[in-house]
Amino acid sequence: MHKLVIVIPAYFEEEVLDSTISTLTQILEQLSEEKKISGGSTLLVVNDGSTDQTWSIIENYHKSNHFVSGINLSRNYGHQNALWAGMTAASVDADLLITIDADLQDDPKSIIEMVDKYHAGYDMAGCPTDKSI
């Protein structure tokens, strides 16, 4: 089985974390039940120095949801550095690594498509978008 780690940078996200963790947990459960990822897959939420309840929420979910783990940065280092910290930590034992913002601006169901692409032999897959520039 392949271990998936979903890295989620979080900065002042107390209002959305319950919904985000619930949605992403359902996706991990589905992929695990379908034997597409291991049950040891995780959501790695990186608190980027938030002073609201973001870290407390992560800690509480870690106690009650085996998929949730977290990193608590000592101060705000910025979105890209929070992503980097999470990806660096996850790369130690992840077979698949996906990043998504805590507000779920991108469709979380794309994670299922990305995992399917991985199993089809792709080394890298991106989230489809309807935005044009």
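Where does Leu104 lie? The first legend takes that up, and every view below comes from a predicted model.

**View 1. Leu104, a loop residue with a positive phi.** Leu104 sits in the loop between β4 (96–99) and α4. Its phi is near 55°, a positive value in a residue other than glycine. For context, most residues other than glycine have a negative phi. Leu104 has 17% relative accessibility, so it counts as buried, the cut-off being under 20%.

**View 2. Phe12, with phi also near 55°.** This one belongs to the loop between β1 and α1. Phe12 is again a residue other than glycine with a positive phi. Is Phe12 buried or partly exposed? Its relative accessibility is 40%, so Phe12 goes down as partly exposed.

**View 3. Helix α1 from end to end, residues 17–33.** Here's a quick sanity check on the helix geometry. At 1.5 Å a residue, the 17 residues of α1 should span 24 Å, and the C-alpha atoms at its ends are indeed 24 Å apart, so the two agree. Just after α1 comes Lys35, which has a positive phi, near 60°.

**View 4. The buried residues of α1.** Which residues of α1 are buried? They are Leu17, Thr20, Ile21, Leu24, Thr25, Ile27, Leu28, Leu31 and Ser32. Because these residues cover an arc of only 160° around the axis, they end up on the same side of α1. As for what covers them, the list includes three strands, β1 (4–10), β2 (42–47) and β3 (68–72), along with the helices α2 (54–64) and α4 (110–119).

**View 5. Where α1 meets α2.** Two packed helices are described by the angle between their axes and the distance between the axes. For α1 and α2, the axes come within 10 Å and cross at roughly 35°, and the crossing is right-handed. On the α1 side, look for Leu17, Asp18 and Ile21; they meet Thr54, Ile57, Ile58 and Tyr61 of α2. Sorted by class, this contact has 5 nonpolar residues, 1 polar and 1 charged.

**View 6. Where α1 meets α4.** The axes of α1 and α4 come within 10 Å, with a crossing angle of roughly 30°. The crossing of α1 and α4 is right-handed. Leu24, Ile27, Gln30 and Leu31 are the α1 residues to find here, and they meet Ile111, Ile112 and Val115 in α4. That contact divides into 6 nonpolar residues, 1 polar and no charged.

**View 7. Pro9, a proline in strand β1.** Pro9 has a relative accessibility of 6%, so it counts as buried. What does Pro9 touch, leaving aside its neighbours within four places in sequence? Its contacts are Val46, His79, Ala82, Leu83, Ile100, Asp101 and Ala102. Val46 is worth picking out: Pro9 and Val46 are 37 residues apart along the chain, yet their C-alpha atoms are separated by 4.7 Å.

**View 8. Thr42, a threonine in strand β2.** Thr42 has a relative accessible area of 14%, so it is buried too. Not counting residues up to four places away in sequence, Thr42 touches Lys3, Leu4, Val5, Ile6, Leu28, Phe67 and Ser69. Leu28 in that set ties this view back to View 4, since it is one of the buried residues of α1.

Definitions and conventions:
Residues are numbered from 1 along each chain as its sequence is written. This is a predicted model: local features need pLDDT of at least 70, side-chain atom pairs count only at pLDDT 80 or more; totals for chains, interfaces and linings use all residues. Side-chain values use heavy atoms; hydrogens and water are left out. Helices (H or I, at least four residues) and strands (E, at least two) are DSSP runs, numbered from the N terminus. The expected span of a helix is 1.5 Å times one less than its number of residues. Buried means under 20% relative accessible area, exposed over 50%, partly exposed in between (1.4 Å probe, protein chains only). The arc is that of the directions from the helix axis to the C-beta atoms. Contact means heavy atoms within 4.5 Å. Axes are lines fitted to C-alpha atoms, for helices over the stretch in contact, and angles run from 0 to 180 degrees between N-to-C directions. A crossing is left-handed if the near helix is turned anticlockwise from the far one by less than a right angle, and right-handed if clockwise. Ala, Val, Leu, Ile, Met, Phe, Trp, Tyr, Cys and Pro count as nonpolar, Asp, Glu, Lys and Arg as charged, and the others, Gly among them, as polar.
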